[in-house]
Every structure is written in C-alpha cells, then in structure tokens.
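Hi,

Here is the structure I said I'd pass on. Have a look, and my notes follow underneath.

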Amino acid sequence: MKKLLVTGSNGLLGQKLTAAILNDDSHRFDYIASSRGVNRYPIKTGYVYVDLDITDHKQVKEMLKRYQPDVIINTAAMANVDACERDPEGSYQVNVAAVANLIALCEDQAIHFVNLSTDFVFDGEEGPYAENDLPNPLNVYGKHKAEAERLLQAAVCPWTIVRTILVYGIVPDLSRSNIVLWAKEALESGREIKVVKDQWRMPTLAEDLAKACLTIAERRAEGIYHISGKDLFSICELVEVVVEHYRLDASFICKESSVGLKQDAVRPKRTGFILEKAYSKLDYVPHSFGEGLKLMDEQLAQFKKT
Ligand SMILES: NC(=O)c1ccc[n+]([C@@H]2O[C@H](COP(=O)([O-])OP(=O)(O)OC[C@H]3O[C@@H](n4cnc5c(N)ncnc54)[C@H](OP(=O)(O)O)[C@@H]3O)[C@@H](O)[C@H]2O)c1
C-alpha cells in the first residue's frame, strides 16, 4: 500500500481525492489528508488528518519526517486568479515558495511529488494545447504556476505536473463554488450575470481530475499531464448549457467581451487541452459536460438530505 499525502484536502479537488480514496475498494493508499484549519470533509475516520499550512516550511518538514509518504499530491494553492493579481506576494508564497520547499524535502526523502497546475500557463493564442507546448502566462497566477513548473522540471525527485482547466463539482458542505454553481444560484435568484463571450475552456469534472491524480500516484506516472474535460466551450456557451440543464431564465445573462468585464487579471483567450497522453498512459476517460451536470444533480440531492 502506498502512503499518500494530500495538501489542501479541504478544497474542491482535495475533497474529491478524499472521497475517491475512502471509496476505493482495492485500498491502494494509506492516506494522510492535510489542509489549513479544521477538516471540512464529513467523514473523519479511516485516515489521518493534519492541520497544515504549506507556507509554514518548518511544519511541513516535521510533517514529512513524521509520516514519510511515498507520494504527495499538492492541491493547496491560491487559486483565485484575480486575488493573485491583487496580492502577488501572497500568491508567490503559496504557489511558488511553498512548492520550492516541498520539492527540496521530496528530494531529500525520494518522495514522488505531484503538483497541480493550470491552463493559465498558456497565453490562449493557440489552444488546445499539448503537454510540450511552450508556456507564456499572461497574469500573476499563471506566471507563478509556470515558475513552480520550472522548479519541478529541475527537481531530482520523481515529479509530475498535472495541468487542469476550470474545475467544477460540489462538495458535501457546499463550501466551494465554481462556474456552474455560480450561474445556477445567480439565475435562480433572478440576479443578472455578466458572462464572457470571447474566452474558450474545456471544463473539468472534479471527480475525473481526482481519479487521474490517483492513477498518476499509483503508476508513478512522471512528467507533464493535461487533464480536462473533452468539450470545448466559450464561457457563454457553457453557461447556456447550464441554463438549459436547469431550465433557468436566460434573460438575466449579459454577454460581455473580456475587455468589457474589466477583471483584475487578464485571461487567455482560448485554452483547452489535447488529451491523447492522458488517454494512452492513464486510461483517462472524462465525462462529457452534460454527464458531469447529471452527477452534480445526484450529489446535490444527496448532500441536501444529509
Ligand atoms: N479550480 C479550478 O478551476 C482550477 C483550474 C486550474 C488549476 N487549478 C489548480 O488545481 C488545484 C486545486 O484547485 P481547487 O479547485 O481544489 O482549489 P480550492 O478549492 O481553492 O482548494 C485549494 C485548497 O488549498 C487550501 N489552501 C490554500 N492555501 C493554503 C496553505 N497555505 N496551506 C494549506 N492549504 C491551503 C485552501 O484552503 P481554504 O479552504 O482554507 O481556503 C483550499 O482548501 C490548485 O493548484 C489550482 O491552482 C484549479
């Protein structure tokens, strides 16, 4: 059994990883979850949870010495793109400096280090992208994630970079929002939403991403992997699918250009991934966006009951 440590286990991907590990009948992992503050995952047994801030380098060192994992999946991040733009130092500490510290410790202990990255390392001029396309980030978040990638690529421990795109899904306490929930909740309550019409993405179901990360950990798949959904939509098209799925009122949607939205961080125009490597090396089979929405519906009904 592999000893697996996940950071940021309270986040969207973190909670999906916990769910997948606890529901894994083949018991592939001896699991240590960690995140800032108290454990927000509702099931607290069958694994160890540690309150861990990855920017506390001393605490991270002590933790790795104590638990000696075979693999770390680092999902902890400052992932709000506009917040990173407003607070570049905060972003640097979590998205780069903490990763540098983790790499040094993984090198000492020969730990396989899996770090989550983003389509925002690309400039969006020539998407969909393959793993070996050249990064050219446009904003602070993308630049810091790209810097972390460079550190990993120079590391002497086994390493994997998992890039992903616009992750959606729901967690039991409904604490993490995403584009689907944001649009659904706003339109249900009759609020107008501004939706960008000139940016294209391949939305990723959080369960698919978690499964791919665990396959990487199990197979020790090294290098760069692109993991996303298989459908490419403009953000407007994506919200229109959500509207149709939940029979919402589309008249509250205000279509805007990227320039008109005036967000703090500039976004790449068209990203999207070529998924051939994930298909062939990880047996990756992503859900369609429609299937993902159906799964979310089932979970929403279940989480509201409990
Ligand atoms: N979500 C997306 O659309 C998307 C797209 C591309 C790439 N990614 C990348 O995928 C990874 C996972 O994303 P996600 O959607 O799961 O993000 P998320 O829901 O924001 O989860 C990140 C988790 O990290 C925790 N965290 C933040 N700073 C920390 C620190 N210093 N020490 C320990 N924990 C810390 C957060 O804690 P709190 O809960 O206390 O805030 C949160 O629980 C990230 O690396 C992100 O950059 C995400």
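**The sheet and two of its helices**

In this predicted model, 7 strands make an open sheet with parallel pairing, ordered β3-β2-β1-β4-β5-β6-β11. Strands (E, at least two residues) and helices (H or I, at least four) are DSSP runs numbered from the N terminus, and two strands pair if DSSP finds at least two bridges between them. The edges are β3 (48-51) and β11 (223-227); each has a single partner strand, so one side of each lacks a neighbour in the sheet. On average, neighbouring strands are turned by 20° against each other, direction ignored (axes are lines fitted to C-alpha atoms, for helices over the stretch in contact; angles run from 0 to 180 degrees between N-to-C directions).

β1 (residues 2-7) and β4 (residues 71-74) run parallel, joined by 4 bridges; leucine 4 has valine 71 of β4 as its bridge partner. Helix α1 (residues 12-22) packs on the sheet, touching β1, β2 (29-35), β4 and β5 (112-118), with contact meaning heavy atoms within 4.5 Å. Helix α2 (residues 57-67) packs there too, against β1, β2, β3 and β4.

The axes of α2 and helix α4 (residues 88-109) come within 10 Å and cross at roughly 30°. That makes the two roughly parallel (under 35 degrees; over 145 is roughly antiparallel, 65 to 115 roughly perpendicular, the rest oblique). Residues in the contact include Val60 and Leu64 of α2 and Ala98 and Leu102 of α4.

Housekeeping: residues are numbered from 1 along each chain as its sequence is written. Local features need pLDDT of at least 70 and side-chain atom pairs 80 or more, while totals for chains, interfaces and linings use all residues, and side-chain values use heavy atoms, leaving out hydrogens and water.

Cheers
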